[in-house]
Amino acid sequence: RKSGLIIDARDSGEYAAGHIAGAWNIPYSDFLIHVDQLETLPPDTLIVAYCNGEECNASLGLANQLVAMGFSRVRFYFGGWSSWVAAGYPTAAGPE
């Protein structure tokens, strides 16, 4: 059985307006505030970061920070939120 974590790298307002169902919100701009939360995860946790889409670099920046923390299975979802919604995949709204 494989499992992982999806992290929304957008700001909390964008996250509250709509996000991938089950995703955590860790805005790239506030990454250091959430380090304690991430330190409880095993370093081999599969983590997928995303933001608004192809024009957004927050997910790539967040992914780089996660790798620097020692996480070994980090990916970023290039299509991001816009691609997820267009595909009709599960979404949620509201704060965490």
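How many bridges join β1 to β4, and in which sense do the two strands run? Five bridges join the pair, and the strands run parallel. The model on display is a predicted one, and the tour below starts from this pair of strands.

**The sheet**

Select the strands of the sheet. Four of them form an open sheet, and reading across it gives the order β3-β1-β4-β5, with parallel pairing. At the edges are β3 (24-25) and β5, each of which pairs on one side only. Strands of a sheet pair through backbone hydrogen bonds, in either a parallel or an antiparallel arrangement.

Begin with β1 and move to its neighbour β4. Gly4 is a useful residue to select here, for its bridge partner in β4 is Leu46. Next, follow β4 (residues 46-50) to β5: four bridges join these two strands, which also run parallel. Select Ala49 and look across to β5, where Phe76 stands opposite. Finally, turn to β1 and β3, which pair in the parallel sense over two bridges. Asp8 has Asn25 as its bridge partner in β3.

**The salt bridge at Asp8**

Keep Asp8 selected and add Arg10. Their side chains meet in a salt bridge, with an N to O distance of 2.8 Å. Side chains of opposite charge can pair when their charged atoms come close. A search of the whole structure finds one salt bridge. Are Arg10 and Asp8 buried or exposed? Both residues are buried.

**Ala9 and its surroundings**

Now select Ala9, which is placed in the loop between β1 (4-8) and α1 (12-17). Ala9 counts as buried because its relative accessible area is 5%, under the 20% limit. Show the residues around Ala9: leaving aside those up to four places away in sequence, Ala9 touches Ile26, Pro27, Tyr28, Tyr50, Cys51, Ala58, Ser59 and Leu62. For Pro27, draw the C-alpha to C-alpha distance to Ala9: the two are 4.3 Å apart in space and 18 residues apart in sequence.

**The disulfide**

Cys51, one of the residues that Ala9 touches, leads to the next stop. Select Cys51 together with Cys56. The two form a disulfide, with their sulfur atoms 2.4 Å apart, and the count for the structure comes to one disulfide. The link of Cys51 and Cys56 is left-handed, with -130° about the S-S bond. Colouring by accessibility separates the two partners: Cys51 is buried, with a relative accessible area of 1%, whereas Cys56 is partly exposed at 22%.

**A nonpolar patch on the surface**

For the last stop, switch to a surface view and select Leu60, Phe76 and Phe78. Which kind of patch do Leu60, Phe76 and Phe78 form on the surface? The patch is nonpolar, and together the three residues have about 280 Å² of accessible area. Phe76 was met earlier, opposite Ala49. Phe78 lies in the loop between β5 (73-76) and α4 (80-87). Why is Phe78 classed as partly exposed? Its relative accessible area is 48%, so Phe78 falls between the limits of 20% for buried and 50% for exposed.

Definitions and conventions: Residues are numbered from 1 along each chain as its sequence is written. This is a predicted model: local features need pLDDT of at least 70, side-chain atom pairs count only at pLDDT 80 or more; totals for chains, interfaces and linings use all residues. Side-chain values use heavy atoms; hydrogens and water are left out. Patches are made of residues with over 30% relative accessible area and no salt bridge: like charges are joined within 9 Å, nonpolar side chains (Val, Leu, Ile, Met, Phe, Trp, Tyr) within 5 Å. Accessible areas come from the Shrake-Rupley method with a 1.4 Å probe; for residues, only the protein chains shown count as cover. A salt bridge is a side-chain nitrogen of Lys or Arg within 4 Å of a carboxyl oxygen of Asp or Glu. Buried means under 20% relative accessible area, exposed over 50%, partly exposed in between (1.4 Å probe, protein chains only). A disulfide is a pair of cysteine sulfur atoms within 2.5 Å. Contact means heavy atoms within 4.5 Å. Two strands pair if DSSP finds at least two bridges between them.
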